[in-house]
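Work through these exercises with the model open beside you. Try each task before reading its solution.

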Amino acid sequence: MKVIVLGAGVLGVTSAWYLAKAGHEVTVIDRQDGPALETSYANAGEISPGYSSPWAAPGIPLKALKWMFQRHAPLVIQPRLDWQRLSWMARMLANCTTSAYAVNKSRMVRIAEYSRDCLGELRAETGIHYDERTQGTLQVFRKQEQLDGAGKDIEVLKADGVPFEVLDRAGCIAAEPGLAGAAERIVGGLRLPGDETGDCFKFTNRLAEMAAAAGVTFRWGVSIEALEAEGGRISAVRTDQGRMQADRYVLALGPHSPLLVRHLGIRLPIYPLKGYSLTIDIEDESRAPVSTVMDETYKVAITRLGDRIRVGGLAEIAGYDLSLNPRRRATLAKSVGELFGGSGDPDKALFWTGLRPMTPDGTPIVGATPIPNLFLNTGHGTLGWTMSAGSSRVLADLISGRRPDIEAEDLGYARYLRGRKAEAGRTLQPANA
């Protein structure tokens, strides 16, 4: 079949790769001049299946209230009257229960573990390199109450068979020698030895080159204006360079995905969460991280990428604003400075921000829609890099009429249609109605 993929971030490019491998004729459209120039550009760099957890968790509402009065808060909500935001936040709060957290984390770990395995297969098949390392993730706790509170995550890890280690201070330093200078700041950690790291931007660009060599067409600098519908199906993509048609369409536009399908009656519960990162050149190897270290206090990931350190994280609910907030830079610099001081100079770092497409339950939306020839690969939040290969392989299987290797029904848009059959059966209107 002819398939058009909308978006050339890591999800769009991996979708194109697996669709082409399945024998389809694939075209990718993106408004940028190349791959991975928005959300996928400078993310935290961690591939952490075991750390795949929803932001909606028990205790988060109370923590969010406390964070409002902290200078270095991991979550910041900018004041603004926005019905879309309020609706999304209400749904997120509804998921902040013990039972919902267990269900959401379990399915997130399922797709993330599968994705890591798919990435390993892809790496073995193609020989692709992207500053990758396979030395695990260490979640560092600065307070005993944080270590004690890890129990709910450990129970889910046990249930899903994910390897883990609970470490004391000495164990953390043994795993990450660069933490020796911060020994008095930490009480222990949770290590996930099966996790990986890598530069998402490098990976996406190199995979795009391989996909192009395999026959995928990339249309750069093309702005997508609308999806046109006729007879209950998508009939074309309208762009600033004309109409483009295919048999199937894949929406992989990250935080912009809901804007393109709203007029079709599809209400994607995705809201942009603004994240930040610093990229620091390593000046002292002995003080740098070996892999990824998660600073639980500030919700910041500190990742080794070749001769650089990527410090990424935080969440700011500020709509589609992309301005660089110096207070967020200060938080990232504080985290890396306290844990890996002297490894590099944060003042010389590249400061970046991007928007993550977050669902209220943390789980991505992968699969079919009520429109038969429109498919979704979006809503991965902070875990697009972690879940990209697996999500895209599941998507390619579904489009090709094959049964995916893992259970995928609860990853689809249908989970938001339960109790809303009227919307699922809504008659489509033309895009210009």
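**Exercise 1. A residue in a loop**

Is D131 buried, partly exposed or exposed?

Solution. First, the ground rules. This is a predicted model, in which local features need pLDDT of at least 70, side-chain atom pairs count only at pLDDT 80 or more, and totals for chains, interfaces and linings use all residues. Residues are numbered from 1 along each chain as its sequence is written, and side-chain values use heavy atoms, with hydrogens and water left out.

Step 1: take the cut-offs. Buried means under 20% relative accessible area, exposed means over 50%, and partly exposed lies in between (1.4 Å probe, protein chains only).
Step 2: apply them. D131 has a relative accessible area of 23%, so D131 is partly exposed.
Step 3: place the residue. D131 sits in the loop between α4 and β5 (137-141). Helices (H or I, at least four residues) and strands (E, at least two) are DSSP runs, numbered from the N terminus.
Step 4: check the backbone. D131 is not a glycine, yet its phi is positive, about 60 degrees.

**Exercise 2. A second positive phi**

Find where L314 lies, and decide whether L314 is buried or exposed.

Solution.
Step 1: L314 belongs to strand β17.
Step 2: L314 has 2% relative accessibility, so L314 counts as buried.
Step 3: L314 also has a positive phi, about 70 degrees, although it is not a glycine.

**Exercise 3. The six-strand sheet**

Give the strand order of the open sheet of six strands, and say which strands stand at its edges.

Solution.
Step 1: the order is β9-β2-β1-β13-β20-β19, with mixed pairing. Two strands pair if DSSP finds at least two bridges between them.
Step 2: β9 (217-219) and β19 (365-368) are the edge strands. Each has a single partner strand, so one side of each is left without a neighbour in the sheet.
Step 3: neighbouring strands are turned by 20 degrees against each other on average, direction ignored. Axes are lines fitted to C-alpha atoms, for helices over the stretch in contact, and angles run from 0 to 180 degrees between N-to-C directions.
Step 4: look at one pair. β1 and β2 run parallel and are joined by five bridges. L6 stands opposite I29 in β2.
Step 5: add the helix. α11 packs on this sheet and touches β13 (248-251), β19 and β20 (374-378). The direction of α11 makes about 170 degrees with that of β20. Contact means heavy atoms within 4.5 Å.

**Exercise 4. The nonpolar core**

How many residues are in the largest nonpolar core, and which have the most contacts inside it?

Solution.
Step 1: define the set. A nonpolar core is a set of buried Ala, Val, Leu, Ile, Met, Phe, Trp, Tyr and Cys residues joined through side-chain atoms within 4.5 Å.
Step 2: the largest has 44 residues, and L19, V28, F203 and V250 have the most contacts inside it.
Step 3: find the suppliers. Elements giving at least two residues each include β1 (2-6), α1 (10-21), β2 (25-29), α4 (98-126), α8 (200-213) and α11 (384-399).
Step 4: zoom in on F203. Beyond its neighbours within four places in sequence, F203 is in contact with V10, T14, L119, L122, I128, Y130 and W385.
Step 5: set this in context. In soluble globular proteins, nonpolar side chains tend to be buried together.

**Exercise 5. A covered strand**

How many of the six residues of β16 are buried, and which lie on each side?

Solution.
Step 1: six of the six residues are buried.
Step 2: V300, I302 and R304 lie on one side of β16, and A301, T303 and L305 on the other. In a regular strand the side chains alternate between the two faces of the sheet.
Step 3: pair β16 with β15. Four bridges join these antiparallel strands, and T292 stands opposite T303. Their hairpin has four residues between the strands, and K299 in the turn has a positive phi of about 55 degrees.
Step 4: pair β16 with β17. Six bridges join them, again antiparallel, and A301 stands opposite G312. Two residues lie between the strands of this hairpin, where G306 takes a positive phi near 65 degrees.
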